[in-house]
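Colleague: I've got the model open and I'm a bit lost in it. Please walk me through the parts worth a look, starting with the inside.

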Amino acid sequence: MEVKDIVEKLIENIADSKMEAGDILRNAKILAFNIDNASFKLWVDKESNGYNDKDILPEYRIIKTVLYGKIEQIKGFGNSLLYERFLLPASHLSSQEYDLINTWRCINSVGEVQSMIDNAGDNNLATPCPLSVISLVKRVLSPNVNVNQVWRELQKYDLVNVIESVKNRLLDFLLELDKEMKLDANFIPSNNDMKTQMIFNNTINAGIANFGSNSINEIQDCNIAVNACSREVLDELIDIVKAIEKDKDSNNEDIKELLSDIKEEIKGGKKKSKLKAFVQALLSVATEVSANLITSYAQQALDLLQKN
């Protein structure tokens, strides 16, 4: 089978919504063998078989999570309250600590990612955290609160996005190859590795540098656009903050300070990761002081940031 036929068949495979990414990548291995481009071969292999712990991953495999825990609040006289799923504060952490705790590196093969999606149902997915995280979280919790277990949660949509990103990048690469072969009858990908590499860099490798030599080095600023909130989301957050400020419990000093932080970030940086951290902290404080209305608003804000 000629390269042109393989490319056209793969384009049809991706257009078929019923065909899973793992099957598409198996067919892409045939193309990788035929065009003999080292970068494309490596990418197909990594996505098919999974990445290593030490690999620097493509940005679509870096997933923001939310930290939850099972906590016990000691009330005295042998009494305590047990919270099976408590949103833990994270705004006090350094940037490095926050990224370590609230970021999940998806190194799984696309087949494994698809299985996780299929098994999740309508639920969020949980990933474990090292026990050392407990000491970081307890810095800002009351002395009478014990943290018995911690985990990170991510939405199923985040895993769906991994699969769709793989398909879309592969499709862009194939379409560009197909266009070049139609424009230039003499263009053969295996004989013109420089042009093939350029197409790879502009499609699959977009936003990533130095794909090869057993590592994938992400460009530092490639997540800036992804991490920024849209104007629509910011406007909704402003409305939520205004509603919270009307509640009597907003006079709590911790809540006032967090609302101020949220408003400053909306006005200035607009970074989704920071806004999530502040809203998580607000939700924890509101829950602890039994500010029920603010708790509801904070959860609404967190859901908004998770979905967009």
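**Core, rings and sheet**

Colleague: Leaving out residues up to four places away in sequence, which residues does L31 touch?
Modeller: This is a predicted model, where local features need pLDDT of at least 70, side-chain atom pairs count only at pLDDT 80 or more, and totals for chains, interfaces and linings use all residues. Residues are numbered from 1 along each chain as its sequence is written, and side-chain values use heavy atoms, with hydrogens and water left out. Contact means heavy atoms within 4.5 Å. By that rule, L31 touches V3, I6, V7, L10, F40, L174 and L177.

Colleague: In the largest nonpolar core, which residues touch the most other members?
Modeller: A nonpolar core joins buried Ala, Val, Leu, Ile, Met, Phe, Trp, Tyr and Cys through side-chain atoms within 4.5 Å; buried is under 20% relative accessible area, exposed over 50%, partly exposed in between (1.4 Å probe, protein chains only). The largest one has 41 residues, and the members touching the most others are L31, F40, W43 and L159.

Colleague: And which helix gives this core its largest share?
Modeller: Helices here are DSSP runs of H or I, at least four residues, and strands are E runs of at least two, numbered from the N terminus. At least two core residues each come from α1 (3-15), α2 (21-35), α3 (38-49), α5 (110-120), α7 (156-183) and α8 (193-202). The largest share, nine residues, belongs to α7.

Colleague: How many residues are in the other core, the one with W151?
Modeller: That core lies apart from the largest one. Its members include W151, V241, I255 and A301, and its size is 31 residues.

Colleague: Are the rings of F40 and W43 stacked or edge-to-face?
Modeller: Rings of Phe, Tyr and Trp (its six-membered ring) pair if their centres lie within 6.5 Å; planes under 30 degrees apart are stacked, over 60 edge-to-face, the rest tilted. F40 and W43 are both buried and sit three residues apart in α3, about one turn of the helix. The whole structure has four aromatic pairs. With centres 6.5 Å apart and planes at 25 degrees, the pair of F40 and W43 is stacked.

Colleague: What cluster do the ring pairs build around F40?
Modeller: Follow the ring pairs from F40 and W43 and you reach two further Phe residues. The full cluster is F40, W43, F173 and F200.

Colleague: On to the open sheet: which strands are at its edges?
Modeller: Strands pair if DSSP finds at least two bridges between them. Four strands, paired antiparallel, make up the sheet in the order β3-β2-β6-β5. The two that pair on one side only are β3 (79-87) and β5 (125-128).

Colleague: How many bridges join β2 to β6?
Modeller: β2 (residues 66-76) also has seven bridges to β3. On its β6 side the run is antiparallel too, with Q73 opposite V145, and the bridge count is eight.

Colleague: Which residue in β6 is the bridge partner of A126?
Modeller: β5 and β6 (residues 145-154) run antiparallel, joined by four bridges. One partnership sets T127 against R152. For A126, the partner is E153.

Colleague: How many residues of β6 are buried?
Modeller: This strand is mostly covered. Out of its 10 residues, the buried ones number seven.
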